[in-house]
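Biologist: Can you put the model up? I'd like to go through a sheet and then the cavities.

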Amino acid sequence: MMHKPIQITDLDLSFPHKTCFENFSCQIPYGSRIAIIGRNGSGKSSLLKMIPAICDEEVVVGYVPQVIVDHTDLSGGQRLNKAVTEALSLDPNVLLLDEPTNHLDTRNRKSLMRMLQNYPGTLIVVSHDKELLRQCTDTLWHIDHGKIHIFSGNYDDYIREIKLKRSSIEGELEFLNRQKKDMHYKLMQEQQRSSKSKTKGQKSIDQRKWPTVVSNAKAGRAEETSGRKKSAIDRRKSDLTESLSDLRLPEIIVPKFSIEGSDAARGMVIQISGASVSYVEGQPILSGIALSLQSGERIAIIGDNGSGKSTLIKAILEESGVYKTGDWHVVKLDDIGYLDQHYGTLNPDKTVLETIADLVPAWSHAEIRRHLNDFLFRKNEEVNALVSTLSGGEKARLSLAQIAAKTPKLLILDEITNNLDLETKDHVIQVLKYYPGAMIVISHEADFLEEIGISEVVNVGKFKLY
């Protein structure tokens, strides 16, 4: 059943410590396909939860939250599938989904996207998944800078338009700066001519000749005109700077990695053959494992949820409780970096500064500050903040700063993009592009794998699953 356009008028969202947005008004026609994007903590999930209260009685809402607390005996993907099925059983004409592709394997991601593409009603989804944004939505609500910016088009179009606007504004600001310098130079010339004219006039008086007063008047008029023009330029620059602040793009991180030892960046990192892994001796989960990785190579490990990806990683990391058979040649544990979505390498009771200082005790305070500056920790309050108070994006940047400060030969990444906003995800990609060692990545996001330069994809389904 179709619904009448949903009207949102002067909607506000604020908390004691921040205002997310104010005076948001729009109309949502039936069949709209809207993605809500923005930084972590910007109010996306809260906005999604507010929509049912705005709707008329004729609107039937199916809502799937980001954190599904029911069915705790099921995997994350199974919980989502069950929650979506229950939401669709209401025959909703408005479907609200909060980060639906988190924790989904490749097969279930494709299945969900096919369903969303075919869903006939109004779809509003909170997501940082670029593939979903491209394939399933055609309108963006971007919560940023205390406002909600509405854009008709997909995510790539939106970023392209922002970049074009930024480029245009920056170009005009550069022109105004040049114009102001030229005016200053011309005014200085006029004042020098006036000064010379004054000297000449005084000399004429001394010699009882007629004084020259025209140049003085001309210089005064030039100064007055220049002052008016400078004021106009300053007003225009102020307007442009304000417009530029509304078009924020993620800052660029260019990390400096430091691999210790001359042989650290070359040679075989992993060589596994004829192997199996299990939690109970004699009862393998995977067998016939064959895997090799040279320094500098990057592979992705994929497979359905529950197929053994995490077990294989635990075996490489020599975790207790995992039994291995076969030939395993892996670099020593001190040369392996591990990073997952929960940032387990961070001590919540340490400050940002202490986190890096403990890792590289030989560094001076200035060296640590320079390193943290590269990862956008710049102010004193930022570097002295406790890890426990950091946002998810800040924890991701600090974890990457650890990797760059003491760079491992092998870096293992386990679903690190789950729950990351688009800006932080871009930061992660920037850093990983520069990482010089070998890399194993567990991820179901094809875009992410492509952007960080994965050279090979290994599906654990090819190993015998018991």
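Modeller: This is a predicted model, and we can take the sheet before the cavities.

Biologist: What is the order of the strands in the open sheet?

Modeller: The order is E13-E14-E15-E11-E16, five strands with parallel pairing.

Biologist: And which are the edge strands?

Modeller: Strand E13, residues 336-340, and strand E16, residues 456-459. Each of them pairs on one side only. On average, neighbouring strands in this sheet are turned by 20 degrees against each other, direction ignored.

Biologist: How many bridges join E11 to E16?

Modeller: Four, with E11 covering residues 298-302. Ala300, for one, has Val457 in E16 as its bridge partner.

Biologist: Which strands does helix H7 touch?

Modeller: H7, residues 309-316, packs on the sheet and touches E11, E13, E14 (410-414) and E15 (438-442). The direction of H7 makes about 150 degrees with that of E15.

Biologist: Cavities now. How many of 30 Å³ or more turn up in the whole structure?

Modeller: Three. The largest has a volume of about 60 Å³.

Biologist: What lines the largest one?

Modeller: Thr101, Asn102, His103, Leu104, Arg109, Asp129, Glu415, Thr417, Asn418, His444 and Glu445. That lining divides into one nonpolar, six polar and four charged residues.

Biologist: And the second largest cavity, what is its lining?

Modeller: The second largest holds about 50 Å³ of space. Its lining includes Glu99, His128, Asn419, Leu420 and Lys425. Thr101 is in the lining of the largest cavity and also in that of the second largest. By type, the second lining has one nonpolar, five polar and four charged residues.

Notes: Residues numbered from 1 in each chain as written. Predicted model: local features only at pLDDT ≥ 70, side-chain atom pairs only at ≥ 80, totals over all residues. Heavy atoms only, no water. Pairing = 2+ DSSP bridges. Helix = DSSP H or I, 4+ residues; strand = E, 2+ residues; numbered from the N terminus. Axes fitted to C-alpha atoms, helices over the stretch in contact; angles between N-to-C directions. Contact = heavy atoms within 4.5 Å. 1 Å grid on protein atoms, 1.4 Å probe; cavity = no way out; pocket = protein on both sides within 12 Å on 5 of 7 lines; lining within 4 Å. Points joined across faces, edges and corners; volume = space filled by probe spheres on them. Nonpolar A, V, L, I, M, F, W, Y, C, P; charged D, E, K, R; others polar.
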